[in-house]
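Dear colleague,

I am handing over the structure below, followed by an account of what was found in it. Please read the two side by side.

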Amino acid sequence: MKFLSFFLTKSTSLIAISCLFLGCAKDIDLSQREDITLSPDLQVDLLIYNIDQSQFQNPNTGNLKTRISDTVRLEFLDDDYIQKDLSSVDFYFRHINTFPREIESEIRFLSESNAEQFTVNYTIKPGANGNPVTTEQYELIEEDRINLVRRSIKMVVELEVQPGTSAFEGELDFASKGFFSFEF
Amino acid sequence: MWRLICFFLLFSSTVLAQNKPLLFNVDDLPQTLMSNPGAQINFTGHIGIPLFSQIHVSAGSTGADLYDIFADDGANINSRIQETMRDMDSRDYFSVNQQWEIISLGWKLDKKNYLSTGVYQEMDAFVYFPKDPAILANEGNSNYLNEPFYFDDVSFTGEIMTVYHLGINHKFDKRLTVGARAKFYSGIFNAESTGNTGRFTTYTTPNGRNVYRHEVVDVDVLINTSGFAPLKDEEGMTVEQATAELLSRSFFGGNVGFGLDLGLSYILDEQFILSGSVQDLGAVFQRKEVENYRYFGAYETSGIEPLFPDLDENDEAIPYWDIFEDEVDRNLRDQTTNQSYTTWRPIKANFAMEYGFGPAFLPCHYLSVKKVRYMNLLGMQLSGVKRPKGFVYAFTTYWDRKINENQRFKLSYSLDDYSLTNIGLMYTRTFNKFNVYLAANNLLAFPNLAKAHSASVQLGMQLIFNN
């Protein structure tokens, strides 16, 4: 009995002490915490519009106004997470056209002082009533040009109707989005 | 008798909790009265060494361990984090519980009654892994189009408090011992956010206005805090100042609450003993230094729509962004209020059956009723804690061995959310009246805690009187 007590006492103490004092963390490298980053990729809608021939009319004369434009401030481009952590943006622009003429699209990104940072130009293919034609355009801004986005605050969309003989009637539908990649 | 068993089992199925199983039903230790005020006890008085009678720390994570994140294997840590987050789900949790006994004492009033009292400080934090918001922050919405991110996943509780308690252990007859402990809680800090709702989804819209539609539906996220606002407002507060501020609330200066522990043990026959307890049936009324942060609303958008021309009727540029922002602010709102709230303590419960063999006889004492004790006890214990999304259970089997009158150990094996190989060990030794004890769970994990999902340690020292 004495031997059993002695054995149990010693073995219990040994196990308890061994486990507690040998308690340590192995096979890990905590310095890796400095490499931890959040890298979200966000798909974000930007601008939309759907216009017909009335938007191309001069309100005073009723004549065709071949060049129209509008400006939208994108205030979020000035936020900290864009200024510090944005690594790339892939813009996507899509026009669906039933006007029977080509239309030149110019999308410009301007700074607060209206200095042009970058621009995306392309020709919207002509469509027809009942036969909409889709034109798509991508613009990838990677790390080497990302400052252009960071300096931008305004997005200007301009449309210029190209000359033609057919009646200028139809609709133009615009969709746009940005694929924003961050590294926090 | 069987009615009693049925009652226990029924009760166990509704409220069960994990709570220091190695100290449960250890009749040599006064700490057993803290987990079951109706425990069978085998001493006539005790005085804890102030600040050292019980130090308890436990921490656990069901979904990830340190190795999962920080493995030194040459791989990219961010890939490991991403993989680990994907493997976890919103019912995985992280928990930390710490108790520090400041004062503990007790004495036999007469043959049937033992009074115990004391003060301890407790910190308890329980955080469910907010999977959807975490993945949205880490990966974004691009790989999760048409899949909702649920804000319901945000659920956590955290509190620091001082507990003043007074308990009575009453030997009803030779079979039944019952006990109760009244508790007064002095809250130092509390933060909780439970029952949140809402989801954010980015839908692809092939026939819609834009490529996507971003939709936020039924968002209602509420974070209640008490004791946080003064710390937040004090700019430049040092850690020492913040600690002093928190400690000043320990002595009835903070938010107060009341609670009750109940317990019993019943000797079915000479060798079978049933015992059960419920701890912390109580609440804290958060009235002081309260701040509530609420985010709520619903909104959907496919982008900003310019109107052509870009000048309004006053020939001024149309502020599309401001209009958009106002609309978002009207629909997705945030509020900071100072409304009192009540927090229920995490109820803990234990139920145990044990079988004793190898009888030994105690020294005779006029205050001691229990005449026979067993050198060996084989037992099983079901336990758990009520948490915001349900009960967290543990099932423990144990061998409780009295080596001699002064030494005892308890070897346990537990099944719980953290591990299937949780082996625990408790050892206690008394030198004359001076007792020390040490208990640790999940011993197999101690050689490399980086791969452990949980670990817990209790230790303490006190004077225990038997005559």
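**The sheet in chain A**

In chain A, 4 strands (strands being DSSP runs of E of at least two residues, helices runs of H or I of at least four, both numbered from the N terminus) form an open, antiparallel sheet in the order β1-β8-β3-β6. Two strands count as paired here if DSSP finds at least two bridges between them. At the edges stand β1 (41-52) and β6 of chain A, and because each has a single partner strand, one side of each is left without a neighbour in the sheet. Within the sheet, strand β3 (residues 86-97) of chain A is joined to β6(A) by 9 bridges, the two running antiparallel, and Val89(A) has Ile141(A) in β6(A) as its bridge partner.

Before going further, please note that this is a predicted model, in which local features need pLDDT of at least 70 and side-chain atom pairs count only at pLDDT 80 or more, while totals for chains, interfaces and linings use all residues. Residues are numbered from 1 along each chain as its sequence is written, and chains are lettered from A and ligands numbered from 1 in the order in which they are written.

**Nonpolar cores**

A nonpolar core is a set of buried Ala, Val, Leu, Ile, Met, Phe, Trp, Tyr and Cys residues joined through C-beta atoms within 7 Å, where buried means that 20 or more other C-beta atoms, placed from the backbone, lie within 10 Å of the residue's own. The largest such core has 31 residues, of which Leu47(A), Val89(A), Ile103(A), Met155(A) and Phe174(A) touch the most other members. At least two residues each are supplied by β1, β3, β4 (103-110), β7 (154-161) and β8 (171-182) of chain A, with the largest share, 5 residues, coming from β1(A). Apart from this core lies another, of 24 residues, among them Leu22(B), Val278(B), Leu382(B) and Leu438(B).

**A loop residue, and the two chains together**

Gly127(A), found in the loop between β5 (116-124) and β6 (133-141) of chain A, counts as buried because it has 21 C-beta neighbours inside 10 Å. The C-alpha atoms of Gly127(A) and Phe99(A) are separated by 5.4 Å, although the two residues are 28 residues apart along the chain.

Between the chains, 49 residues of chain B are in contact (C-beta atoms, placed from the backbone, within 7 Å) with 48 residues of chain A. Chain B itself has 8 helices and 21 strands, and 39% of its 467 residues count as buried.

With best regards

Note on methods
Buried ≥ 20, exposed ≤ 12 C-beta atoms within 10 Å, placed from the backbone. Contact = placed C-beta atoms within 7 Å.
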